[in-house]
Amino acid sequence: MLLCIDCGNTNTVFSVWDGSTFRATWRIATDHRRTADEYFVWLSTLMALKGLGVGGQIREAIISSTAPRVVFNLRVLCNRYFDCRPLVVGKPDCGLPVAPRVDEGTTVGPDRLVNTVAGFERHGGDLIVVDFGTATTFDVVDTDGAYIGGVIAPGVNLSLEALHMAAAALPHVDVTKPQGVIGTNTVACIQSGVYWGYIGLVEGIVRQIRMERDRPMKVIATGGLAPLFDLGFDLFDKVEDDLTMHGLRLIFDYNKGLGA
Ligand SMILES: Nc1ncnc2c1ncn2[C@@H]1O[C@H](COP(=O)(O)OP(=O)(O)O)[C@@H](O)[C@H]1O
Ligand SMILES: CC(C)(COP(=O)(O)O)[C@@H](O)C(=O)NCCC(=O)O
Ligand SMILES: [K+]
């Protein structure tokens, strides 16, 4: 079986695949201090609960990480407990079906490369992938499936946290969809600012990208908060929670010569 690991700046998501059959997924807070042994105790308990043994069946792994410091312990996890050398997206020995077309010498977040591969396989080219992670990213996918750039905006929770940190009188607030736009108390005002602000941000950026590309483009959303911004609006053609995991499996198969 294959273990896919998507390590974001906030959460790390693990999933297990039997060929192209999805078996299970679990999520843990990203913490670079977590050791391989700690990961294994956590993972093997959850695997046993799903009847997947204690990890003995995992023989292959692929990792995408936006937090480089975490990769070391994840590699040790794969070496020590699953007896395999993981593929790491963005490293020279991990090929992609189509190379990104960006400024020379620049690095693209591996999660964005993975989203591009997954989005293209499911929806074809001329696509925008919006990922509501720690940052809110827009990945633009060309007709041939190449990542050709995009947009990085502060994440929703990051914006709420920044308001709370910088303004003495503003409390920490969780994001929800407000009934209306005019808040009648501080919490409602902040929720309104962030929620409607992000609706406007997504609408505006998608419109600009379509204008710049001068063609219709599908918009797919993923990431923890995507469903909240899909409520009652026409922003996205589809919300796909599993997009990054699907992309990791495709990239793994591509590198094993199984096609993507
Ligand atoms: N279902 C959810 N409801 C509310 N907040 C969520 C949910 N899922 C994730 N989040 C929050 O959304 C942000 C992005 O999460 P995630 O997609 O896991 O980010 P990353 O990939 O950068 O680690 C985080 O601040 C996380 O706490
Ligand atoms: C933009 C990101 C921080 C998003 O990461 P995430 O929110 O998923 O943790 C990550 O993709 C990254 O570090 N990118 C490097 C720069 C780039 O993609 O152009
Ligand atoms: K992400």
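Which residues does histidine 246 touch, not counting residues up to four places away in sequence?

The model is predicted, with local features requiring pLDDT of at least 70 and side-chain atom pairs pLDDT 80 or more, while totals for chains, interfaces and linings use all residues. Residues are numbered from 1 along each chain as its sequence is written, chains are lettered from A and ligands numbered from 1 in the order in which they are written, and side-chain values use heavy atoms, with hydrogens and water left out.

**Exercise 1. Place histidine 246 and list its contacts.**

Step 1. Histidine 246 belongs to helix 6, residues 243-255, where helices (H or I, at least four residues) and strands (E, at least two) are DSSP runs numbered from the N terminus.
Step 2. With contact taken as heavy atoms within 4.5 Å, histidine 246 touches Ala118, Glu121 and Arg122 once residues up to four places away in sequence are set aside.
Step 3. Histidine 246 counts as buried because its relative accessibility is 10%; buried means under 20% relative accessible area, exposed over 50% and partly exposed in between (1.4 Å probe, protein chains only).

**Exercise 2. Describe the surroundings of aspartate 131, where UniProt places a "binding site" feature.**

Step 1. The feature at Asp131 comes from an unreviewed UniProt entry; positions follow the numbering used here, feature names are shortened, and annotations may be inferred rather than shown by experiment.
Step 2. Aspartate 131 sits in strand 6, residues 127-132, and is buried because its relative accessibility is 10%.
Step 3. Beyond its neighbours up to four places away in sequence, aspartate 131 touches several residues, including Asp111, Asn115, Thr222 and Thr244.
Step 4. The side chains of aspartate 131 and asparagine 115 make a polar contact at 3.0 Å, that is, a pair of N or O atoms within 3.5 Å, of which, within protein, one must be able to donate a hydrogen and the other to accept it, and residues adjacent in sequence count only if both atoms are side-chain atoms.

**Exercise 3. Relate aspartate 111 to its annotation and to ligand 2.**

Step 1. A "binding site" annotation in the unreviewed UniProt entry covers Gly109, Pro110, Asp111, Arg112 and Thr186, which are spread over 78 residues of sequence and, in space, up to 37.9 Å between C-alpha atoms.
Step 2. Aspartate 111 lies in helix 3 and is buried, because its relative accessible area is 15%.
Step 3. Not counting residues up to four places away in sequence, aspartate 111 touches Ser64, Thr66 and Asp131.
Step 4. A polar side-chain atom of aspartate 111 lies 2.8 Å from an oxygen atom of ligand 2, while a polar backbone atom of alanine 135 is 2.9 Å from a ligand 2 oxygen, and an N or O atom in the side chain of threonine 66 is 3.2 Å from one.

**Exercise 4. Examine phi at aspartate 126 and aspartate 214.**

Step 1. Most residues other than glycine have a negative phi.
Step 2. Aspartate 126, although not a glycine, has a positive phi of about 55°; this residue is found in the loop between helix 3 and strand 6 and counts as buried because its relative accessibility is 17%.
Step 3. Aspartate 214 likewise has a positive phi, near 55°, but is placed in the loop between helix 5 (186-213) and strand 9 (218-222), and counts as exposed because its relative accessibility is 68%.
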